Amino acid sequence: MAKQQFEAESKRLLDLMINSIYSKREVFLRELISNASDAIDKMYYRALTDESITFNQSDYYIRIDLDKENRQLTVSDTGIGMTKEELESNLGIIAKSGSLAFKTENEIKDGHDIIGQFGVGFYAAFMVADVVSVKSKALNEDQAYQWYSEGADGYTIEPCDKETVGTEITLTIKESSDEDDYDQYLDPFHLQTIVKTYSDFIRYPIKMEVSEQKLKEGTEDEYETIIEDKTINSMVPIWKKNKAELSEEDYQQFYQEKHYGFDTPLTYIHTSVDGNVRYQAILYIPESAPYDYYSAEYEKGLELYSSGVLIMNKAPELIPDYFSFVKGLVDSEDLSLNISREMLQHDRQLKLIEKNLTRKIKQELQKMLNNDREKYEKFYSAFGRQLKFGVYNDFGQNKDTLKDLLLFYSSTEKKLVSLKEYVERMKEDQTSIYYATGESNAKIERLPQTEMVQEKGFEILYLTDDIDEFAIKMLAEYDDKEFKSVSSGDLDLEDDADDEAEKVSEDDQELFNKMKEILKGKVTDVRRSKRLKSHPVCLTNEGEISIEMEKVLNMMPDNQGIQANKILEINTKHEIFQTLKDSFTKDDQKIEQYTNILYNQALLIEGLPIEDPLSYTNDVWEVMK
Ligand code: ADP
Ligand code: MG
């Protein structure tokens, strides 16, 4: 049979693999064993749900066999096997669905990143082997097939002999060199160590022939070498174990083994519940977001087991959207094995589990925030955005769960603070929680609108994420303190007494009216500002939609031209105001130019586009003459 080429992407990845970018080559064994375990899971599930298949517990196992002379290592399983087509589609393509194309050439060169993002599973075998052969017989098939490859230049698939259902993967281990010791992968003791490290919790026995020195029967000092089959893993799934028996490292290893992520999780939750609904769960809070986390492609969900049998890879019903970053599994003896997707959605037990898990996750995050701020900030930089989406989505029904987990940058503390911390620091005469929106902290810092609030010594939260203000609006208040934008029309600041006395004169009001007329359709009002100190003008808004929200909404594909009600505020104590007044009485054309210039400058300060840049620059040139 003609040799078939790997898909182009696979080939590139395979080259990378062979040039060993994985820091630990020994993980190849973990990959093969976990594939074997997955295959047995599938078989086990089939046997339990299909009466025509009779299987005994002892029929499920994984074997490791060595043939040192021929440098061969074989991993075989009694799993569900692969048909010819499955061999082709499962082993002929790595990183399906163009996910590799997602990465740029540069990132590919570096290599680590890709492996980190996609994992390579089966192909890890090529890190230690020159030749890989896969013999497999699928359930309900008469003919077995062999997939054979000597590396990046392709593979063949041909019929072969294999009596029993399952898969047998044989690696021809590379020759050792001065730099690389491959012989260790042919050493039974070393292999046992690798299995113990990475695959100890695999639920099926991993058997291997082990030789041991034993006292010869009937003698006292004569030893003989006994070769016997031994199960080299402990087999108890980690979630069934007692927490006290497990180390942090065990949980980390399990996370890697399960491919929940390639980072090191920030923390884990191991819980066993024996109440209305019985279940064990292990949950992880990852350190970093997967590359597709904030895209529509990302699928949330936990693995779902029923009495130790995997029934679903990703059950989304087990965690709420706002905690969609959580990875892990749930095993419950109260769930039926034959439960379908549709049934899951209405399952009362499952709803209960979800509620409990959500509470647990919230507690864990709160604990992290209170006790390990640095860690929490790491978490927050990866997933804070999701929490804010959570506040905003579902009509704010989750805001009470989430409000204490939010952090925002503070003008006075110069770091992220929680709302609780803000409120505790509030001044006696302060009634609202102030915030300002903008692209970056540095830009917000220079916003004219913050001047008055800052002068009062009030803390301002800086909102730089486009979701921030939407979330804040949904919260509306925290601890009975209303949120107030420094750009909102009614700032609620108590005016200085003399300021209050100084009513807007009739003349000034006339000027404002004139300006308002000039800016018809652009602003809803022109007013004297109570918040400006050193700047002549700024834009603020009245009503539900803020200027920042207008920007965000207009970036969306189906924007409906939503606009904030903008107000041009004038600092009547600024010398520019005098210029305005002078020209108002003398020169109609000048006042129009000035008004337009000031309005456009206010737009620029807000980071809004100028409607007519040419007429703006013309105006500026005109007055400079
Ligand atoms: P993953 O395990 O993440 O799907 P792998 O590269 O490890 O990716 O394996 C690719 C696919 O090949 C598996 O999803 C599975 O369908 C198939 N496969 C691999 N090893 C076995 C095996 N021992 N028995 C049956 N199928 C297997
Ligand atoms: Mg795999």
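Trainee: Is M235 buried or exposed?
Mentor: In between: M235 counts as partly exposed because its relative accessibility is 30%. Buried means under 20% relative accessible area, exposed over 50%, and partly exposed in between (1.4 Å probe, protein chains only). This is a predicted model, where local features need pLDDT of at least 70, side-chain atom pairs count only at pLDDT 80 or more, and totals for chains, interfaces and linings use all residues. Residues are numbered from 1 along each chain as its sequence is written, and side-chain values use heavy atoms, leaving out hydrogens and water.

Trainee: Thanks! Where does M235 lie?
Mentor: M235 sits in the loop between β8 (223-231) and α7 (248-257). Those labels are DSSP runs numbered from the N terminus: helices are H or I with at least four residues, strands E with at least two.

Trainee: And what is the phi of M235?
Mentor: Near 75°, a positive value in a residue other than glycine. F395 also isn't a glycine, and has a positive phi of about 55°.

Trainee: Where is F395, then?
Mentor: In the loop between α10 (373-392) and α11 (399-402). F395 is exposed, with a relative accessible area of 81%.

Trainee: New topic: at roughly what angle do α2 and α6 cross?
Mentor: Helix α2 (residues 27-49) and helix α6 (residues 188-199) cross at roughly 65°, and their axes come within 9 Å. Axes are lines fitted to C-alpha atoms, for helices over the stretch in contact, with angles from 0 to 180 degrees between N-to-C directions.

Trainee: Which residues make the contact?
Mentor: V27, L29, R30 and I33 of α2 meet L191, I194, V195, Y198 and S199 of α6, where contact means heavy atoms within 4.5 Å.

Definitions and conventions:
Chains lettered and ligands numbered in written order.
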